[in-house]
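Visitor: I'd like to go through this one with you, and I'll keep asking how you know things. Ready when you are.

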Amino acid sequence: MSESRAYRELGEAGWAWVLEQVRDDDGPWLPDSVTDDPPDAPAWDRDSLYSGIAGLAPVLAEIRCGRPWTTTERGLADAVVARLGTQAAVRVEPSLYDGLAGDVTALRLLSAGSEQVALQRLSTLATPNGWPTTLDLQPGSTAPANDVISGTAGIVLAAAWVGDDQGLALAETGCEALLRAADRTQAGLDWAMWPGLQSRGPNYSHGTAGVAAALAVTGHLLGRDDLVAAAVEGARHLLAVGSLADDGFVVPHTIPPSRREVEPVTYTWCHGPTGTSHLFAALRLAGVTSPDVTDLHRRCLHSVLTCGLPQRLRPGFWDNDGRCCGTAGVGDMLLDAAQTAHHEAAPQRAHDLLTAAGEMADALVERAIRGTGSDADLGERAYWRFVEYRQDPPLLPPGTSWMQGAAGIAAYLLRLARVLDDGLDAVVVDRPDQWWAVPQSLRLTGR
């Protein structure tokens, strides 16, 4: 069996398992994990991009790039659009991974133009300081957060990704708020997850790397040098707190170090160089040459490729295979970089990165748990179980979602199979948090 066929079949098996978990209660919903005691009602984040039905949209978009939707998939896509479109008109939570900016993402991927209802709602909820949150980040406070996952930076990225007049106006509003929320350091600018928080997670999901990326791409789109300059100052702060040792670049997981985290440096999308590499791609898009952002992007990838992942070298090192915190997220970033290298006529680098992306997929093949579903027409099912070694038993229940489960893993495997078959010029299902990291001509939403 060819590699592409093996990856495709496993991706389809993972997706078939996810489809079996979808339920209906005033529209589709998805339990975020499958246990012996399943929930009988949707969770509060049922519609979210992180763990809810919005996270099924990028999977459906990926599937449609490789084959026609089945009747079941078409019905699910229509139901997701109907549910999110209705809820967006009244939703209060604005964030990318738990709210309206996630609705923007899903609606645009499944039904281009339908995202306008969510953009309009974000316009209504905007304040000079950003978007008040409903998430329980600070007890008793609804003050705007700054970060990609739950705050202003993520909303900015979604609005900039849409890129129309309303989206760019929203992105500019958010960037003004981020400028006011910055903390001056000796080396540059730093952003906490929310203003006043002493502990910092400086990498992509909750800190300076993600905020600076949002400023860089918006500054580029609007021609605002001050936003790009602020993003550069964010990068300079990261250089001051990070390490350039061994030809790489890594930034600590938490500053000051957290007693919760066994690994002071991690290599993931959320808290490591996998995600932080996107900052340097954004600065490159904006035309920045000092610091050398091309070299810093390369260093991030070098750190990822030489740290030992996806092997589980020790407890706590690499216990997750999902998009947010694990193997699928690394693989997807490597595919972005491989397709970019190919576009830039760097064939050896493209080959090496594609090979590394295959190594991530091979780990997913090895760790898949397979079984047969009740509907023989859909064939084999597959899912993955992550590990939390600090709990007993350490094996976690299988997750379903985009960021922490089989949906996101399946999309990665299907994308890799498609690239192997169609070549490195294959279309990319771009998203708000990485669209600038792939060639414009390959972006699904940019065509």
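Guide: Let's start with a yardstick: the radius of gyration is taken over C-alpha atoms, and the globule rule is 2.2 Å times the number of residues to the power 0.38. Bear in mind that this is a predicted model, where local features need pLDDT of at least 70, side-chain atom pairs count only at pLDDT 80 or more, and totals for chains, interfaces and linings use all residues. Residues are numbered from 1 along each chain as its sequence is written, and side-chain values use heavy atoms, with hydrogens and water left out.

Visitor: So how does the radius of gyration of the protein sit with that of a compact globule?

Guide: For 447 residues the rule gives a value near 22 Å, and the protein has 20 Å, so the two agree. The C-alpha atoms fill a box of roughly 60 × 50 × 45 Å along the principal axes.

Visitor: What does the secondary structure come to?

Guide: The protein has 14 helices and six strands. Helices here are DSSP runs of H or I with at least four residues, strands are runs of E with at least two, and the numbering goes from the N terminus.

Visitor: What makes helix 2 "mostly covered"?

Guide: Buried means under 20% relative accessible area, exposed means over 50%, and partly exposed is in between, using a 1.4 Å probe and protein chains only. In helix 2 (residues 57-66), seven of the ten residues are buried, among them Val59, Leu60 and Ile63. For the protein, 57% of the 447 residues count as buried.

Visitor: Which helices do the buried residues of helix 2 pack against?

Guide: They pack against helix 1 (3-21), helix 3 (71-88), helix 4 (100-110) and helix 14 (406-422). Contact means heavy atoms within 4.5 Å.

Visitor: Why is Gln138 called buried?

Guide: Its relative accessible area is 18%, so Gln138 counts as buried under the 20% cut-off. Gln138 lies in the loop between helix 5 (116-125) and helix 6 (152-162).

Visitor: What makes the pairing of Gln138 with Trp194 a polar contact?

Guide: A polar contact is a pair of N or O atoms within 3.5 Å; within protein, one must be able to donate a hydrogen and the other to accept it, and residues adjacent in sequence count only if both atoms are side-chain atoms. The side chains of Gln138 and Trp194 come in at 3.0 Å, so they qualify.

Visitor: And Arg323, buried or exposed?

Guide: Buried: Arg323 has a relative accessible area of 6%, so it falls under the 20% limit. The residue is in the loop between helix 11 (293-306) and helix 12 (327-343), and its side chain reaches the backbone oxygen of Gly408 at 3.0 Å. Leaving aside neighbours within four places in sequence, the contacts of Arg323 include Trp269, Asp332, Trp402 and Tyr412.

Visitor: What is special about the backbone at Asp26?

Guide: Asp26 has a phi near 60°, a positive value in a residue other than glycine. Most residues other than glycine have a negative phi, and most peptide bonds are trans. Asp246 also has a positive phi, about 60°.

Visitor: How do you know that Asp246 is exposed?

Guide: Its relative accessible area is 70%, and over 50% means exposed, so Asp246 passes.

Visitor: Which bonds are cis?

Guide: A cis peptide bond joins Ile255 and Pro256, with omega about -10°. Another cis bond joins Ser290 and Pro291, with omega about 5°.
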